[in-house]
Amino acid sequence: MKAHQLLLDQLLEINPRTGIITFNGNRMALIETSALGLLRRDLVATLGMDRAKGFLMRYGWACGQSDAKAVRSMFQWDSPDELFLAGPQLHTVEGIVTVEPLELNVDWESGSLVFTGEWRHSYEADEHLRHFGVSDEPVCWTLVGYASGYLTEIFGRQVLVYEPECRGQGDARCVYMAKSWNLCTDAERLLGRYYEAESLATELDMAYQRISLLNRTWKESVDLHRRLSDLMFEGKTLDEIVQVIGDTLRRSVFVENQKGRLLSESVMKPDHRNVYRNWKARAAAATHMGKTLSAGKTECWEYDETYLEVLVIGTSTNSFGYLCLIGEQPLAEEEIILAERASNICAIQLFQEKLVVQQARLHLADFLDEVISGRFDEQTVIRRARLLEIDPEEPRRLMEFRVEPEEELLEVCEYIREKYPGFEVFPKNGYLIGLYSLSQLRRWGDELDTFLLSVLNSCQRKFKVVRILAGCGRLAESVGNIGNSYDDAVSIVDFLEVLENSGVSLRSRYGIYEQFQTLLLIVKAAPHKDLVDFYRSVLGRLEQYDQTHQGELLPTLRAYLEHTGNIRKVAGALYVSETGLRYRIRKIEELCRVNLDAGEDRFKIHLALQIHDSLCTRKGSVTRRKANK
């Protein structure tokens with residue numbers, strides 16, 4: 001008997017009166033494949049995908065083993081190979097799948113077998129695609145089980161069958177590969193675990209336990225959601241909410257904003273803080289943190305048997321930050337459900353806090369605009385300041401930042417807010433206005449120059465192509481006098497901008513009221529361009545000469561004026577001869593076109609030097625020289 005001679009009417013006996021179908025004395029039944037598809041769907045829903053896979057593979061094994069015993073006793077086969085090929089023929093005539101054998105190699109002495117072929121028209125692939133769509137792995141589970149059971153029974157040694165290709169996982173065809181156990185790799189042998197005998201009752205019992213666990217977890221998650229919601233509606237802080245999350249999950253909790261800045265933490269073990277810091281350092285170095293993570297998913301890192309897992313707070317399109325959980329074991333399935341509930345509450349809390357901050361900033365910006373415009377009397381200003389929780393008696397300054405290109409204004413604004421928490425910055429008429437108090441001054445250093453320089457340098461490093469000019473107005477002793485500080489800041493920045501546009505090289509890109517105080521009296525009274533033209537007409541040629549010849553004429557001029565023209569004292573202060581000094585004086589008068597003995601000309605020189613000193617502060621000059629080094 002040859003395998004291809006197997007026909008359905010040779011295998012089955014049908015009683016025309018009772019309709020009973022038998023195969024080698026065993027009763028058979030015709031079942032619609034769509035019904036098998038529904039069975040598969042319900043098994044997956046009840047047991048889960050992996051357990052349903054094992055159940056159907058064991059079912060296929062039993063069918064294949066039974067058919068092998070039947071055909072071996074029913075016919076006399078021409079060769080052992082024909083008996084092997086009878087399995088694919090049986091599968092075909094039974095309507096399960098069309099089998100096209102490709103290669104069969106059997107070595108009885110070594111106990112080795114390799115059998116390959118193609119499965120066409122697999123009902124199992126069709127039904128899986130219909131109910132579940134494309135899978136991540138092969139899905140012809142009963143076919144694999146049937147072939148494994150049939151070949152193992154015929155060969156007398158364990159044979160494992162798997163699918164290198166499967167239509168159910170998006171491939172163009174289904175291909176099977178059968179190997180004797182001695183030829184299988186360690187990875188292929190892992191499939192053997194699906195054939196470990198478990199009854200349906202056992203599967204259902206395990207499914208029941210799993211459902212009970214999920215039900216208990218669901219109740220716990222509802223309780224956690226209610227507790228966290230109550231805290232939020234009671235106006236509790238994020239710190240208090242995070243503490244409850246940590247106690248519930250028995251893990252350390254770290255909450256970050258979308259830019260990775262730590263907002264709140266609840267640390268269960270001191271070592272967990274080091275784990276978090278190490279993760280931050282590695283993630284930042286890999287520029288990976290959170291970029292591949294989407295809402296509803298977790299990522300897990302292991303550090304010395306400690307596990308850090310991260311969830312997105314918010315949605316994939318609107319993220320507010322990240323929830324980092326650290327414990328001694330990875331999150332179990334039921335714990336992930338609790339963590340997702342906690343993440344949702346954190347999202348609501350952060351969103352609410354963001355709205356509150358935005359609203360507070362809007363009110364504060366409106367308030368400052370009204371104070372600057374002088375729309376209210378002092379008592380009204382004080383009352384409104386207290387409503388906004390602003391101490392009306394605390395001295396403050398206003399700063400103006402001019403950003404180029406203007407398209408980067410909002411990005412720069414957000415960066416400064418992030419970099420200097422508590423320093424409120426607002427867009428106004430295409431510029432940035434900053435409210436600066438003495439308490440903030442102590443936070444970032446003791447000198448105003450240090451803070452302004454820090455802001456400008458930080459922005460320069462962050463935004464390579466952005467240019468910023470800054471002006472800081474006088475110290476307003478009360479909130480009602482902020483308008484004067486604003487006028488100072490605007491005048492300083494306007495003057496710096498006119499100088500820069502006129503080709504004057506600025507040694508410092510910021511100015512402070514105390515450095516500009518004398519000059520501001522003239523700046524506010526005269527057009528800026530006229531002042532620039534005046535400054536350049538008086539000292540422009542002198543500065544150019546010093547730059548070209550590495551001269552010392554400008555310091556000489558300053559010393560001459562400071563010592564009221566006393567040649568001996570000036571020469572002593574500069575460590576030069578009187579003859580050399582007189583030569584310098586004549587050169588200065590020639591370049592500046594002035595007579596230093598004339599009072600009117602000395603006034604012009606004094607005024608031009610005042611403009612020079614306001615633009616080229618000592619700190620700015622030193623900083624620029626260091627930067628050039």
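**Entry 1: the hairpin of β4 and β5**

I began with the hairpin of β4 and β5 in this predicted model, and I found 4 residues between the two strands. Within that hairpin, I noted that G111 takes a positive phi near 70°. I then looked up how the strands are joined: β4 and β5 pair in the antiparallel sense over 9 bridges. As one position to check by eye, I recorded E100, which stands opposite E118 in β5.

**Entry 2: the sheet around the hairpin**

Which order do the strands of the sheet take? I read it as β4-β5-β7-β6, an open sheet of 4 strands with antiparallel pairing. The edge strands are β4 (98–107) and β6 (159–165), each of which pairs on one side only. I took the mean turn between neighbouring strands of this sheet as 15°, direction ignored.

I next followed β5 to its other partner. Strand β5 (residues 112–120) and strand β7 (residues 174–180) pair over 6 bridges, in the antiparallel sense. E118 has V175 as its bridge partner in β7, and I had already noted E118 in β5 opposite E100.

Which helix packs on the sheet? I identified helix α6 (residues 141–155), which touches β4, β5, β6 and β7. The direction of α6 makes about 145° with that of β6.

**Entry 3: contact of α19 with α21**

I turned to helix α19 (residues 553–562) and helix α21 (residues 578–592), whose axes come within 10 Å. These axes cross at roughly 100°, which makes α19 roughly perpendicular to α21.

I listed the residues on both sides of the contact. From α19 I have L553, T556, L557 and Y560; these meet L581, R584, I585, K587, I588 and L591 of α21. How do the residues of this contact divide by character? I recorded 7 nonpolar, 1 polar and 2 charged.

**Entry 4: backbone exceptions**

As background I keep in mind that most residues other than glycine have a negative phi, and that most peptide bonds are trans. I therefore looked up departures from this pattern.

R250 is not a glycine, yet I found a positive phi of about 55° for it. R250 has its place in the loop between α9 (238–249) and β8 (252–257). Is R250 buried or exposed? I classed R250 as exposed, because its relative accessibility is 58%.

Q550 is likewise not a glycine and has a positive phi, here of about 50°. I located Q550 in the loop between α18 (528–549) and α19, the helix described in Entry 3. With a relative accessible area of 63%, Q550 is exposed.

I also checked a peptide bond, the one from E404 to P405, and found it to be cis, with omega near 0°. P405 lies in the loop between β13 (396–404) and α13 (409–419).

**Entry 5: cysteines**

How many disulfides does a search of the whole structure find? I obtained 0. I then looked up the accessibility of C63 and of C413. C63 is partly exposed, because its relative accessible area is 26%, a value between the 20% and 50% cut-offs. C413 counts as buried at 2% relative accessibility, as this value is under 20%.

How values were computed: Residues are numbered from 1 along each chain as its sequence is written. This is a predicted model: local features need pLDDT of at least 70, side-chain atom pairs count only at pLDDT 80 or more; totals for chains, interfaces and linings use all residues. Side-chain values use heavy atoms; hydrogens and water are left out. Two strands pair if DSSP finds at least two bridges between them. Axes are lines fitted to C-alpha atoms, for helices over the stretch in contact, and angles run from 0 to 180 degrees between N-to-C directions. Contact means heavy atoms within 4.5 Å. A disulfide is a pair of cysteine sulfur atoms within 2.5 Å. Buried means under 20% relative accessible area, exposed over 50%, partly exposed in between (1.4 Å probe, protein chains only). Angles under 35 degrees count as roughly parallel, over 145 as roughly antiparallel, 65 to 115 as roughly perpendicular and the rest as oblique. Ala, Val, Leu, Ile, Met, Phe, Trp, Tyr, Cys and Pro count as nonpolar, Asp, Glu, Lys and Arg as charged, and the others, Gly among them, as polar.
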